[in-house]
Amino acid sequence: MVSVIIPAYNAADYLRECIDSALAQTCRDIEVIVVDDGSTDSTPEIIAGYAARDPRIRPLRQSNQGLSSARNAAIAVAKGEWISFLDSDDAMSPDCIATMLRAAEKTGCRMVHAAWVRGSDPSVLHGDGQRTAVAAVRVMDAVGFIEDVLYQTSGLVPVAWAKLYRRELFDDIRFRHGITYEDLDMFYELAFAAGRIAVTDTPVYYYRDNPASITNTFTPSRFDVLDVTRRLEAYMSAHCPALLPAARDRRLSANFNIYGLLATYDKEGRYASVAKECMDVVRSHRRGSLLNPRVRLKNKLAILLSMLGEGVLRRVSPLVYGRKSK
């Protein structure tokens, strides 16, 4: 069985489409755990209606505690041998679970990373109605997978969704409560626990470009990425020094991003101390990334701008690191 976990907070606009996509899976041996995270709209009624009609729906309800808590609550009660996450404003193709299960069975891997598409119409996953073509599956070791994710040049992403996990990977791992960028905060622990990751370029997951999402808005919660990448660097320093250059570059990227956001949205300087922290990290990490051939051009451009002076970086960084950048 596969446990599909859907955290939902005030998700009424897209929740039906989301749940429908989970229930339409060609793999029928699933349970769909929908966690109402203290919604104040019609989300609870929508979930209750589906639960009354389909026994595969397992509703959970909790006070509003955030995405990490909702996912953790579902993991604790999941009955499946496999777990997959689906965000409440996204959707799966009908063969999403089946495609990832085939990849796992073919390779013997306990974690699968699948391709995804983004936009405003989930039907893009179905094309002309024919079954999605299955791309070749390759296997990566944990170090290579994590390295590619951190350098942000391969298309591999640290998000929890569009993946399949053996349930036991979560025996000692949970999403950190109360933070943003919770996926980036723990993806590498799951990869190390899995050891080997099956990767398929078959697009099976639809990511809705939601204007209200965290990557499309600016709030101080986005500063969490500074702590997340600091922990990431410390973890690699202690446990896998071979990944330290990649971790440092990912931290550099996060600090460039936040600095660019502040240059755009904080004209009054309310978060001047955060901007200073970002610049301190940039100055300490930029040389290593500039000389590293794996580093993406965007980071190298920002490094060169920072060397021309903070004033230049403040003026230009919003153009280099837009609000969707990380």
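**Close-up 1. Cys109 sits too far from its closest cysteine partner for a bond.** In this predicted model, the sulfur of Cys109 has its closest cysteine sulfur in Cys96, and the gap is 17 Å, so no bond can be drawn there. Cys109 itself is tucked away: its relative accessible area is 2%, which puts it in the buried class. Cys18 tells a similar story, with Cys96 again holding the closest cysteine sulfur, this time 11 Å off and still too far for a bond. Cys18 is buried too, at 0% relative accessibility. For a disulfide, the two sulfurs would have to be within 2.5 Å. Search the whole structure and you get zero disulfides.

**Close-up 2. The largest nonpolar core brings together 66 residues.** Who touches the most other members? That would be Phe85, Phe145, Ile146, Phe170, Met236 and Ile258. As for helices and strands, the top contributor is helix α8 (residues 244–265), which puts in ten residues. Apart from this core there is another one, made of 41 residues, including Ile19, Val32, Met92 and Leu101.

**Close-up 3. Ile258 and the residues it touches.** Leaving out anything up to four places away in sequence, Ile258 touches Arg222, Phe223, Val225, Leu226, Val274 and Cys278. Ile258 also turns up on the α8 side of the contact with α7, where Val225 and Leu226 are on the α7 side.

**Close-up 4. Helices α7 and α8 pack with their axes within 9 Å.** Helix α7 covers residues 224–239, and its axis crosses that of α8 at roughly 170°. Because an angle over 145 degrees counts as roughly antiparallel, α7 is roughly antiparallel to α8. On the α7 side, the contact uses Val225, Leu226, Thr229, Arg230, Leu232, Glu233, Met236 and Ser237. From α8 come Leu244, Ala247, Arg248, Arg250, Arg251, Ala254, Asn255 and Ile258. Sorted by class, that gives eight nonpolar, three polar and five charged residues.

**Close-up 5. Gln152 and Ala162 both have positive phi in the loop between α5 and β8.** The loop runs between α5 (142–151) and β8 (163–166), and Gln152 is found in it. Phi of Gln152 is near 60°, a positive value, and this residue is no glycine. Ala162 isn't a glycine either, yet its phi is also positive, at about 60°. Which of the two classes, buried or partly exposed, fits Gln152? With 24% relative accessibility, Gln152 counts as partly exposed. Ala162, on the other hand, is buried, with just 2% relative accessible area.

**Close-up 6. Helix α10 and what covers its buried residues.** Helix α10 spans residues 297–307, and its buried residues are Asn299, Lys300, Ala302, Ile303, Leu305 and Ser306. Among the elements covering these are α8, α9 (272–290) and α11 (310–320). As a general point, an α-helix has 3.6 residues a turn, so residues three or four places apart point the same way. After α10 comes Gly309, with a positive phi near 125°.

**Close-up 7. Val320 of α11 and Ala302 of α10.** Val320 lies in helix α11, while Ala302 is one of the buried residues of α10. How far apart are Val320 and Ala302 in sequence and in space? They are 18 residues apart along the chain and 7.3 Å apart in space, C-alpha to C-alpha. Val320 counts as buried, because its relative accessibility is 14% and the cut-off is under 20%.

How values were computed:
Residues are numbered from 1 along each chain as its sequence is written. This is a predicted model: local features need pLDDT of at least 70, side-chain atom pairs count only at pLDDT 80 or more; totals for chains, interfaces and linings use all residues. Side-chain values use heavy atoms; hydrogens and water are left out. A nonpolar core is a set of buried Ala, Val, Leu, Ile, Met, Phe, Trp, Tyr and Cys residues joined through side-chain atoms within 4.5 Å. Buried means under 20% relative accessible area, exposed over 50%, partly exposed in between (1.4 Å probe, protein chains only). Helices (H or I, at least four residues) and strands (E, at least two) are DSSP runs, numbered from the N terminus. Contact means heavy atoms within 4.5 Å. Axes are lines fitted to C-alpha atoms, for helices over the stretch in contact, and angles run from 0 to 180 degrees between N-to-C directions. Angles under 35 degrees count as roughly parallel, over 145 as roughly antiparallel, 65 to 115 as roughly perpendicular and the rest as oblique. Ala, Val, Leu, Ile, Met, Phe, Trp, Tyr, Cys and Pro count as nonpolar, Asp, Glu, Lys and Arg as charged, and the others, Gly among them, as polar.
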